[in-house]
Structures are given as structure tokens and as C-alpha cells.
Amino acid sequence: MRKFFLLAPLAALVFVACEQQAAEQAATEEPVVDVAAEEQAVRALADSYEQSFAAKDTEALVGYYTPDAVWTAHDGTRTEGADGFRAQYTTMFASPGTATIEIEPETVVVAASGDVGYSTGTGTVTVTTTDGQTMSQTTAHIVTFAKGDDGQWRLTGGMDTAPLAASPGAEAETAPAE
Amino acid sequence: MHRFLTLIPAAALVLACQQAATEQAETTEPAVDLAAEEQAIHALADGYEEAFSAGNVDAVLAMYTSDATENSPDGTAAPAADAVRTTMSQTPPGSTFTIEHEKTVISSSGDLAYDMGTFTIAGTAPDGQTFTETHRYLVGLEKVDGAWKLDATMSSMPVGAAAPAEAP
């Protein structure tokens, strides 16, 4: 019995120290990434982007990009940084009427670490003027993503093609004015 | 002696604790050397330059994943195998292919990356005119069986002064 009382505090101390060591080690290790959930988050970003685009919310759209993001068009011209994207969207939304974009991600690939990804797919921009004319263009793209310290995925860049030949809007469509 | 015997169970507990910590450390992924991974991706590009310049289609195709796609600036998308064969068959023999990296980003897990920059094809056309074409590119890369492979690629139309030069 005396032996038990002698050992119990010692064993308890060792056990507590061991648990503490395990907890500290676990705390410094990267958490396990749910890659499928991250892929979903990237797809959700596309949905959210579509809504901001339809609302012509330039500042929200600029916020989808990292400060050093670079977008390259099929002709090699580039849009860079917040000022570049702001100017692009401001020009795009200057005309009255509606503008929508429909993004169809074909592949979304996210790293096991959940911090970098890329996506391929198409985007269809449809513009309807106040007199009812509608023009639609579909292009293919690669978009690259990074997850920020705030846990948000943002576009770090991308590239798109010329309007696809099969695009319904490769040529302007005209709808009768109401 | 009695005190010594009393300490043996405690020592055994410490050893068990150490062993558990070691096992946990062994199951943790080793830290990725991102600089080495970037070097590996750039080495892949060096190999691409050599294989393309040598007209070695099979060597170029070996650098793509099995389901890789290649998007041309005109919007044509094709399996990389078809796109590469077409491009290389249309490139005059003896042409050189060079790559300039602008930015290479690698995931902290070292299994996914993207790379952007420019590539230049220079050579002499069948009519004797020399040409130099520089395009921008963006590629997504995946590590497959320990080797980086091109997974998704896209390039722009020629940029800058790409007019054919007069033959000497």
C-alpha cells in the first residue's frame, strides 16, 4: 500500500507531462485538410463572383484577387493588381444595361495542404443593353488560387482564350426591344 | 535498492512516452523544401526546351499527366498529346524553344504548383524567313509518382514584335 502511494504521484506526473508533450506536438502540426471541402469552397467562390458581377459591384470583384494577381488575355495583354482590375471592371460596367457571367468550372484541383489550387473551365459573359440587344461570349480559362491567412480563397491570376467557336455569342445576338 | 526498484515503473512510463512521441513524429509528413521543388519544376522546363528543340515528341509528352489538356489562345482545347504532336509537326526542324519563368508558386505540401512566364520559338521557315515568336503561358502542375508533370496549360497569341525577320 505504501508502495502505491509512493508511485501514484510519480506516475501521475509522468502521465501529465506525456499528455502535455503530445498536446504541444499536435498544436504545432498542420491540421488535416479536407481537400474535397476546399474544392467546394473554390467552386463557391465562382458562384459568389457571379453574383458580384451581376450586381456590378466593382469593389467586391476586386476583392476576389490577391494584391499581386495577374490576368493574361489571349492576346497577351495583362491586367495586374487592384488598380488594374478596378479599371477593367469600371470600364466593363460603364454602359447601362445588365451584365452577367456564368462560370462553369470543369476541373478544380487543390493541393493536399489546402493553400494552392487551380481550375479550368469556361466563362460566359452576357451583356444586355437598355434597348434589348444581347451579346454573349464564352471563353475558356485557367484560374489560379491561393488561400490567404484569413482562410479565404482568392484568385492569384489566370489566363483566358479568345471567344470559343461554339460560343453562342461568338457573334452578337440581337433580341427585339420590348 | 528499494528506491531504485520503485523508480523502474516511472522510467518505463517515460520510455513509453518517448516512444509514442517518436512514432507520432515519424507519421508526420516531412517539411517540403520549396526551393528544391522550384528547382525541380525549372529543371522540367529545361528538359522541355531540350526535347522540343530536338523534335523529340515522346520526351515532351512524357512531361504531361495522362489526362492533361492544352488550350490554344484561339479557344481550341485538346488533349495535350494531340496538341503537342500538332504543334511540333508544324514547327520547322531546327527551331529552338526557350522558357522564361516569371513566377512559380508551389503548395506547402509540394504536390501542386503553377508556373507562368513566356516561351519563345525561333527558327527558319521553309521559305527561308527567320521567325521569333514569344507567347505568354500559364501552366498547372501536379506531382505524380514523385515527378512534376504538366496538367493544364494555356498560352497566348504572340506578344511584342513578332514580325518575321528577313533572311540574311
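Me: A residue is buried if 20 or more other C-beta atoms lie within 10 Å of its own, exposed if 12 or fewer, and partly exposed in between, with C-beta atoms placed from the backbone. Which residues of α2 in chain A are buried?

Reply: They are A:Glu38, A:Val42, A:Leu45 and A:Phe53. Keep in mind that this is a predicted model, where local features need pLDDT of at least 70 and side-chain atom pairs count only at pLDDT 80 or more, while totals for chains, interfaces and linings use all residues. Residues are numbered from 1 along each chain as its sequence is written, and chains are lettered from A and ligands numbered from 1 in the order in which they are written.

Me: What puts the buried residues on the same side of α2(A)?

Reply: The arc, taken from the directions from the helix axis to the C-beta atoms. The buried residues of α2(A) cover only 75° around the axis, so they sit on the same side. On the other side you find exposed residues, among them A:Ala36, A:Asp47 and A:Gln51.

Me: And what do the buried residues of α2(A) pack against?

Reply: Quite a list: α3 (58–62), β3 (98–110), β4 (116–128), β5 (133–147) and β6 (153–160), in chain A. Those labels are DSSP runs numbered from the N terminus, with helices being H or I of at least four residues and strands E of at least two.

Me: How do you know what span to expect for α2(A)?

Reply: The expected span is 1.5 Å times one less than the number of residues. Helix α2(A), residues 35–54, has 20 residues, with 28 Å expected. From first C-alpha to last, α2(A) reaches 29 Å, close to that value.

Me: What makes A:Lys56 partly exposed?

Reply: A:Lys56 has 15 C-beta neighbours inside 10 Å, so it falls in between the two cut-offs and counts as partly exposed. A:Lys56 lies in the loop between α2 and α3 of chain A, and its phi is near 55°, positive although the residue is not glycine.

Me: Over in chain B, why is B:Asp145 called exposed?

Reply: Because B:Asp145 has 5 other C-beta atoms within 10 Å, it meets the cut-off and is exposed. B:Asp145 is in the loop between β5 (130–144) and β6 (147–159) of chain B, with a positive phi near 50°.

Me: How many helices and strands does chain B have?

Reply: Chain B has 4 helices and 6 strands, running α-α-α-β-β-α-β-β-β-β from the N terminus on. Buried residues make up 24% of its 168 residues.

Key
Contact = placed C-beta atoms within 7 Å.
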